Amino acid sequence: MIKKATMLMCILVMVCCLAACGGKDGTSKESDTTEKKNDTSSENPTTEPEAEKIKGSTGSWGIYSEILVPEGMHIKTGNTTEADDENAVWVNKDDNPLNYFYFILSTAEQSQKDIDATKTANAKYNPEEVTVKAGDYEWKGLAYSYLGTDVAQMYATIGDKVINVRMTGFAYNADITTAVLGSLKLK
């Protein structure tokens with residue numbers, strides 16, 4: 001009974017996060033995506049200071065030439081409707097796919113609209129505006145706790161691109177978060 005309740009709570013967290021973030025057209029869409037168990041990864045650990053604390057490998061997909069994939073996690077390609085979308089990539093926990101980092105190419109304006117919509121939709125969870133320095137990048141957005149689970153949505157400018165990250169199960173300022181966010185390199 002406890003396992004069923006826990007699974008139901010995890011599913012609700014994921015649905016709420018995806019519903020709050022929405023799709024490109026303002027609606028939330030779900031479909032299966034293709035998982036790739038680090039088949040595009042090298043076994044070289046990153047050398048960023050935060051990443052030294054977090055063991056893992058370096059993966060890549062589409063526009064993401066380098067991303068830290070911590071031990072116990074894997075890359076899942078594309079977005080919720082297109083597994084081949086080279087502008088989107090997930091880094092999921094192996095034992096709980098509801099704990100993830102989801103990166104997608106965006107614009108500063110669209111990222112801010114998404115954050116504002118998430119803030120409004122989750123107002124009862126007291127989202128707070130946050131900024132975190134990870135590697136060479138400053139990520140800004142919001143963070144809150146949904147039924148005891150850390151949730152955040154932030155964006156950063158990397159070169160000439162803006163990347164939006166949505167994460168569940170990781171505090172916005174945790175070592176694993178700053179290691180993954182700071183490791184990001186784009187083509």
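Residues count as exposed when their relative accessible area is over 50%, and as buried when it is under 20%. Keep those cut-offs handy while you click through this predicted model. The tour follows its salt bridges: a search of the whole structure turns up four, and we'll visit three of them, including one between arginine 166 and aspartate 114.

**Stop 1: arginine 166 and aspartate 114.** Select both and show their side chains. They meet in a salt bridge, with N to O at 3.0 Å. Now colour by secondary structure: arginine 166 sits in strand 10 (residues 161-168) and aspartate 114 in helix 3 (residues 108-121), so this pair ties together parts that are 52 residues apart in sequence. Switch on a surface and look for the two partners: both arginine 166 and aspartate 114 are buried.

**Stop 2: lysine 119 and glutamate 129.** Stay on helix 3, where you'll find lysine 119; its partner glutamate 129 is in strand 7 (residues 128-134), ten residues away. The closest N and O atoms of this salt bridge are 3.2 Å apart. Is glutamate 129 buried or exposed? Its relative accessibility is 63%, so glutamate 129 counts as exposed. Lysine 119 is partly exposed, at 33% relative accessible area.

**Stop 3: aspartate 160 and lysine 161.** Select these two and zoom in on the side chains, which form a salt bridge at 3.6 Å, N to O. With the surface still on, check each partner: aspartate 160 is exposed, with a relative accessible area of 72%, while lysine 161 is partly exposed at 21%.

Terms used
Residues numbered from 1 in each chain as written. Predicted model: local features only at pLDDT ≥ 70, side-chain atom pairs only at ≥ 80, totals over all residues. Heavy atoms only, no water. Helix = DSSP H or I, 4+ residues; strand = E, 2+ residues; numbered from the N terminus. Buried < 20%, exposed > 50% of the residue type's maximum accessible area, 1.4 Å probe, protein only.
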